[in-house]
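Thank you all for coming. Please bring up the sequence and the structure on your screens, and I will go through a few places in the chain.

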Amino acid sequence: MGLFDAVRQALGWSAETDATRDADPEDLFGMSTAYVTMEADLDFAPTGDAALCFGNVESTAFRDARREVEAVLELGEEETGTSASFIEDSHGYNWIVLRDSDFENLVTSVHFASDTLIEEGFGSRLLAALFSFERDDTTAYWIYSFRRGAYYPFVPTGGRERDGTLEFKLESNLDGELDVEDDTSYWYPMWPEGDSHPWG
């Protein structure tokens, strides 16, 4: 199974029948308190980056919905300074990459973008939201799977390896603040490209 198929299985369309509950964009606001715990208890500081990953649809309606998301984020940038860029990766997935030193602005912007796609009728295309943290030379992510309606930790260490021990430590510290995925087989790795983030 290739990376593209595995992502689809874990986060995308084939996971729909295994969904534990409907995803709710309001879940994203759990990060507004969880990031404080990440920093205060675990010494992981936000990197100032977050991203929303979604599948594409070749239709006029979807292009209109995407333009609506762009308009919402442009208004947000005027108010908060949160920058947004749109990226398509090598597997055909779309990313909205957000940057802001104020973490709560990142959470709000990810929520606005995902909620807009849902309101425009494309919630089924949402795959994951990623929030990035760092401690020393370690980058850790909290990933929200829209198909599972839950978060899970992901700590890549390079060379398609991950720090499972640290992931379980993050899970034990944040479970209760976040709805964490119980089935670890759905803690799917979204590997970075080289030394960058998963969105490139």
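Let me begin with Tyr186, which in this predicted model counts as buried because its relative accessible area is 13%, under the 20% that serves as the cut-off. Tyr186 is found in the segment that comes after H5, and although 34 residues separate Tyr186 from Tyr152 along the chain, their C-alpha atoms are 8.2 Å apart.

That brings me to H5 itself, the helix that covers residues 164-174. Which residues of H5 are buried? They are Leu166, Glu167, Leu170, Glu171 and Leu174, and when one looks down the axis of H5 these buried residues fall within an arc of 145°, so they line one face of the helix. As for what that face meets, the buried residues of H5 pack against helix H2 (31-42), and they also pack against four strands, namely E4 (126-135), E5 (138-145), E6 (150-154) and E8 (161-162).

The two ends of H5 can be described as well. At the N-terminal end, Asp163 acts as the cap, with a side-chain oxygen placed 3.3 Å from the backbone nitrogen of Thr165, while after the helix comes Gly176, which has a positive phi, near 115°.

Next, please turn to Asp49, which sits in strand E1, residues 45-54. Is Asp49 buried or exposed? Its relative accessibility is 11%, so Asp49 counts as buried. The side chain of Asp49 makes a polar contact with the side chain of Arg99, at 3.4 Å, and, leaving aside residues up to four places away in sequence, Asp49 touches Leu98, Arg99, Leu106, Phe131, Ser132, His197 and Trp199.

One of those neighbours, Leu98, also appears in the lining of the largest cavity, which is my last topic. Rolling a probe the size of a water molecule over the atoms shows where empty space is left. When the whole structure is searched, 1 cavity of 30 Å³ or more is found, and the volume of the largest cavity is about 40 Å³. Besides Leu98, the residues lining this cavity are Val72, Leu73, Gly76, Glu77, Thr82, Ala84, Ser109 and Phe112. Helix H3 (60-80) and helix H4 (103-119) each contribute at least two residues to the lining, with the largest share, 4 residues, coming from H3. By residue class, the lining consists of 5 nonpolar residues, 3 polar residues and 1 charged residue.

I will stop there and take your questions.

Terms used. Residues numbered from 1 in each chain as written. Predicted model: local features only at pLDDT ≥ 70, side-chain atom pairs only at ≥ 80, totals over all residues. Heavy atoms only, no water. Buried < 20%, exposed > 50% of the residue type's maximum accessible area, 1.4 Å probe, protein only. Arc of directions from axis to C-beta. Contact = heavy atoms within 4.5 Å. Polar contact = N/O pair within 3.5 Å; in protein donor to acceptor, adjacent residues only side chain to side chain. 1 Å grid on protein atoms, 1.4 Å probe; cavity = no way out; pocket = protein on both sides within 12 Å on 5 of 7 lines; lining within 4 Å. Points joined across faces, edges and corners; volume = space filled by probe spheres on them. Nonpolar A, V, L, I, M, F, W, Y, C, P; charged D, E, K, R; others polar.
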